[in-house]
Structures are given as C-alpha cells and as structure tokens.
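Work through the exercises below with the structure open. Try each task before reading its solution.

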Amino acid sequence: MGAPGSTSEGAFPAVAVIDAQGVVIGWTRAAEELTGYPATAVLGRSATILLPPAGHEDRTGHPAAGPGESEHRGPEEGEHRGPEGEHRGSGEGEQRAPEEGEQRRSGAGEGRRLAVGEERAGLVEVRRRDGDPLLVRAEITPLSTAEAGDAWLVAATPAAGDLSGGTGTLLGALISRFPVAMAIWDRDLRCVWLNPAAERLNTVFPHYRLGRSLADPIPGTDTEAAQEAMRRVLADGTPSIDREARWTSPDGRAERTLSTSLFRLEGMDGRPLGVCSLALDISHSRARDRLALLREASVRIGSTLEVGKTAQELADLAVPVLADYVTVDLSQAALPDAEPLQRLAATEVSIPVFRRAGVASVHDGIPESLWPVGQAVFVPPRSPFTTVMASRRPHFEAVLDTSPGTWLDQDPDRARIIRRTGMHTLIIVPLEARGDLLGIAVFVRNANPAPFTRDDLLLAEELAARAALSLDNARRYTRERTTALALQRDLLPRDLTGGAAVEVASRYLPSDVHEGVGGDWYDAIRLPGSRLALVVGDVTGHGIHAAATMGRLRTAVRTLAYLELPPAELLARLDHLVAVDACAEPEAAGATCLYAVYDPATRRCTMATAGHPPPAVVDPSGEVSFPRLPSGTPIGLGLGSYRSLDLDLAAGTVLALYTDGLIETRQADLDAGMARLGAALAGRAAGAVELAGLCGSVIHAMLGDAPAEDDVALLLARTRP
C-alpha cells in the first residue's frame, strides 16, 4: 500500500460511485488509500464529507471550492456505523445519514448538478480524513445502475501523480522530456506536482520538492518575491509572463537565470486551486548572451581614449561569444603617428594595407595570426580585404571557399594557416565612422564547428559600428593631444636661468586623465639690476585652446615684466587685457597666476597672486612656510584689484612655485595637499641639494607612481649667497 494521498506509477485511480442524491454508494481500496476514509466511513454518507468545509477561505480570500451552506464533518476517531448505515458517534450529538428527499449537495463536488449523460473532468480539492487538503484531478462519468438508477462514477488521481488527463503515455513522455521546469503549487504555495526538469533544478531552487512550501525557510534562499508574485496571480487570475529571476544555490556554487511564467489553476467550479509555474533556464541562452555582449560592448569598448587599446577591446570582447579568432587591422588614417605604410615595400603577391592593432583567439599563442600587434598586414590586391575597403560593405562566407582558383591562390601564407588551423567560416566588416574608413575587423571560427549565420553577421556589424566610433574618438583625441603637447612644449621655456642671483629648476608633467593637456605654465624672466621675475600660472580648461591661451598669457606677462611693473600692477594690467579679449571672444579662458620679483641687492622678494595657491618658502634651516598673500581674483574677471607682499629671503632660501595639480586630488583638498608638499620639501630642500633632482623627488613624493589627475608645473628657485 502506498503512502496516504500518493499513488505509485501505474497505480489505479481512486474510484467512487455517487447516486443522484449525492450519496456515496461505491468505494474502492484506492479511494481509501487516497483519502484515508475506509468504506464503512463513507458508504451511505453524503459525498460532501470529502470536500473542504463550507465557508472556508483560502489564502487568496476566495471561498474554498466546496459548495453548500453548512459544514459536514467526517467521522471522528472512535465513531462507527451501524449495519443499516446509521452513523453513530461517541459523543453526545448524533449525525445521521441523509433521509430520502432531504436536500443534498452534489456528489460531483460542484455547485450544481450534472445533467444526465454529461461528463466532466478537472482539478478538485478534497479533504482527507486527517483534515489536510489534497489537490486531485477528477473525471466524472454518468452511470446507470439497476438499484440506484442514475449515478456518477468519479475517478481521481493526485495532482502529484498523472496529469495527462487520460491521454496515455504520449503526453506523459512529452512532459517528462519537456525542457521547461513545470510545477504546481496549491493555495498554500506548497509544491504538489513537478516534472523532471523541475527536479533537476532542485540544487539551485530547493523548493522544487513535493510537499515543500515556498514559505518554508531554507538558509541562503529568499523566496519573498516569488511568493508575492504567486499570491498576486492567485488573487486576480492575471498570468505573470516571462518574469526573469536569478537564483543562487544555498552553497553559492551554482547560479541560474530563469524566465518564469505563472498561471492560476481553477477547479471545476471556477474557483482558484493553485498556481502552475513554468521556468525556462536562460543562463546560457544564445540570444541573451548576444544582448549581454552588446551591453558589455557599450561599457568596455572605448573605455580608454587610446587607439590600440580600443582595437584590442573589440577583439577580446568578440572571443569566444561570436568568433574563435578575431583581428582588428587599421589603416593609416587611424594611426597617424605610425610609420606610413606607403614606405613599406610590397611583395610579389601582396601589399601593405593595414597595421595590426588588436588580435584575440581561443587558442593559446594565437596560432592563426601571421602578424603580431603593431606589424604591417599584407594582403593580395584582389582579396576580400581590399574589396571590403573599396566597397565599405561586409564580406560574408558561411563556408569558407578554399578550393583552387580563389584569391587564396595569391596568398599561400594565409592558405596554409587556414588549412592548418581549420578555419571554415569568415566575416570581414569595415570599421567606418563619420565618413572615414578606419580599417577592418575579421571574425573566424575554427574551434566552433557551427558556420556563421546572417544573425552573426548583424552582430559583428553592430560591434564593429560601436568600435569604429570609439576608434575615431580615440584617434581624434590622440591627434589633439599630440598637437597640444607639441604646442605647449614649444611655448614653455627650455633653458631657464636665474643669472648670478638665483639658481632655478623646473619640471612639467602633463595629465594622463583629462582630454589633452592643460594650460599650466611657468617662467623665469631676467630683469635689469640682476633682478629676477618668477611666474607660474594655470589656464582654465584643457586641450589646444588652453595651450594657445597659455602661450598668449606667457607672452603678455613677459611684455609687462619688461616694463618693470610691480607685481600687483602687472597682474591688474594682465587682468584688463584678458577681460577685453573675453568681450570680443566669449569663449576666452581665464587663469590663475602668481608673479614674484626677487632683488638680490636687498634680498627682498615682492609677490602678488591672482587666485593662485601661495608659494612654499624653505629657509636655510629646512623649515617650510606658506606666506599668506593678499587675495586676488583670477585673471580675466576684469576686477583688477591686487596687492603685493614683501618677504626678506636669506641666502640659500628655496622658493617653490607650483600649480594646483601638484597638491589637489579627488581625495584631498588644497590645504591637505599643501601640508604634504611642506613635508616633502622639509626633508629634501635643506643644504646644497641639486634643484633639478629635488624637482623630481618632490613630484614623486606627491604623486607616487599614479598618473597625474591634472597637469603639474613646479618651479624651484634658490637664492645665492
């Protein structure tokens, strides 16, 4: 005998016969095993004892499936039936079998009577003798008996068993092999049936087990969202379709992404009995992988504004999701700083057309590649590569033609590699952006036996289009940065000298973060009477425009310095000139500036600032201070209100003038940076330290090995005895 409420594979269904008045007149052993009621407890009784109590509400708030106005109790323990079918209880009350003519509820478990000859089938919830509800599939067939007249034969199987509905082994075989995880949950969200696909997901979703409720706590598993979704479907009957959910096994070793759909199950009376869930494992879905690839391409390709890195990012991203071997070969237009390909000599069968910028393979050592990154790529004049360059249209070969008479006859090296590595399918896509052809991307398969499809071609074109825009941005950035660096190198002083009065040294470090270089500058200007003017400034913004503005300001400061203007007056004149230019050119950049003049005859240094950080002063003993200069507005605002400060400098005093890139970072403000600069100078500037070496050691102490977040200019000056 099987466990109560369960049936083994191939077992007979539970069968009962109910007369026209709803009285049970037939009861099988299988029915006893299913419900727990022996025949003596139900024969002659109303079939309603097998239904949930009337007025009972399920978790959705709907009345339970059992019809009727009053509650019927099943026989309690210790009760027995007399030979005439009279029910006698052990308590004071007595419940008798229905008399002839009494109103009875339908034995079919419905809220109405079945018409003669009508057949019905569907899900029904019955009440076992121990009070637990049980979801069954019931088939009701009209029956005519000699003694009882019209009656109904009811055959029931648990929902946890066969749901094929009598269609035989075909549907059962289909369900058992169905790749979608199917499960049925009752109103308490308890699993009452599942197919083999659901059983296989038990390691990730342990609630896929007969008798287990979603509300059962399992460490490492959170089902709150799933419970809420199921209760919502139970309540309003609206299916939940294609709900994506990620599940991780309790031990954290396995992950799955499931596309889940939920449908409400209704009984023969139309009331909700539970929920059917369909879950499809899309963790390795090809379409999903492609969407993920495009999302990743938006983030990874072009993450740096370097042509070479961008090309390599495209190759790395496409392997192995799309191809087994990918190359990115760029034309001279995308590599303006590389050696011109036209200078390279052609071979007897090929010409230099590209330069390899990126390559990736599923095989170690990249055995498919004839040229490493950075080398010129030679192709036959008549080949798919040159055709793509000329037509700007992709080349697609689902099956790569290696037979005699093709272009490979003119390219024996490639033909040898293709045959040796098993390349069998090919896509070549042009890299085009803003009307410029930058090169080609080549996609090949040799480990994956599947040929490329038209969908693969579309994906390759989409990746190439995104990469081409990033390559063009990197190319433009590189070109502008190279131009700006060259301009700034030409505008900055090369051989600073302080004459007999002052020893000077400088260091300039361009940023690796911002778009192009900035407008930092420094200068040492020899004036009459052995005096020396020291200047440091920082133009707002970056790029060629900032570098050009810096050149104009440096020239203007030198011109005003030769007029021997005091520092405060010089800054006022400079502010006025820039403000006038700003009226004519609204995009003109402003700047900060520090201007100081040292007179060796008096050892006095007069300085003024226009919104620039104060200098660091290191006395001969090594003590560092930052003088509090009268505040002044940045250059270009047109306010022109500046004041000077006089300092007496002993012989051997070091002045450190700098831009804010040396002391300001995202993690620290100017005050913290100035404190760090003071510590760096205090330990190194005392004594006869060589100033050029001191510049390098101070910058290393301030920045370490990390790239500068902003341009850095440092000017050191030491008074002579």
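Three exercises follow, on a helix and on charged pairs.

This is a predicted model, where local features need pLDDT of at least 70, side-chain atom pairs count only at pLDDT 80 or more, and totals for chains, interfaces and linings use all residues. Residues are numbered from 1 along each chain as its sequence is written, and side-chain values use heavy atoms, with hydrogens and water left out.

**Exercise 1.** Find which residues of α13 are buried (under 20% relative accessible area, 1.4 Å probe, protein chains only).

*Solution.*
- Locate helix α13, a DSSP run (H or I, at least four residues), at residues 670–682.
- List its buried residues: Gly673, Met674, Leu677, Gly678, Ala680 and Leu681.
- They sit on the same side of α13, because they cover an arc of only 165° around the axis, taken from the directions from the helix axis to the C-beta atoms.
- Turn to the other side: Asp671, Ala675 and Ala679 are exposed (over 50%).

**Exercise 2.** Determine which parts of the chain are tied together by the salt bridge of Glu125 and Arg187.

*Solution.*
- Check the pair: the side chains meet at 2.5 Å, N to O. The cut-off is a side-chain nitrogen of Lys or Arg within 4 Å of a carboxyl oxygen of Asp or Glu.
- Place both: Glu125 lies in strand β5 (a DSSP run of E, at least two residues), and Arg187 in the loop between β8 and β9.
- The pair therefore ties together parts 62 residues apart in sequence.

**Exercise 3.** Compare the burial of Arg558 and Asp523.

*Solution.*
- Arg558 forms a salt bridge with Asp523, with closest N and O atoms 2.7 Å apart.
- Arg558, at 22%, is partly exposed (between the two cut-offs of 20% and 50%).
- Asp523, at 1%, is buried.

Key
The expected span of a helix is 1.5 Å times one less than its number of residues.
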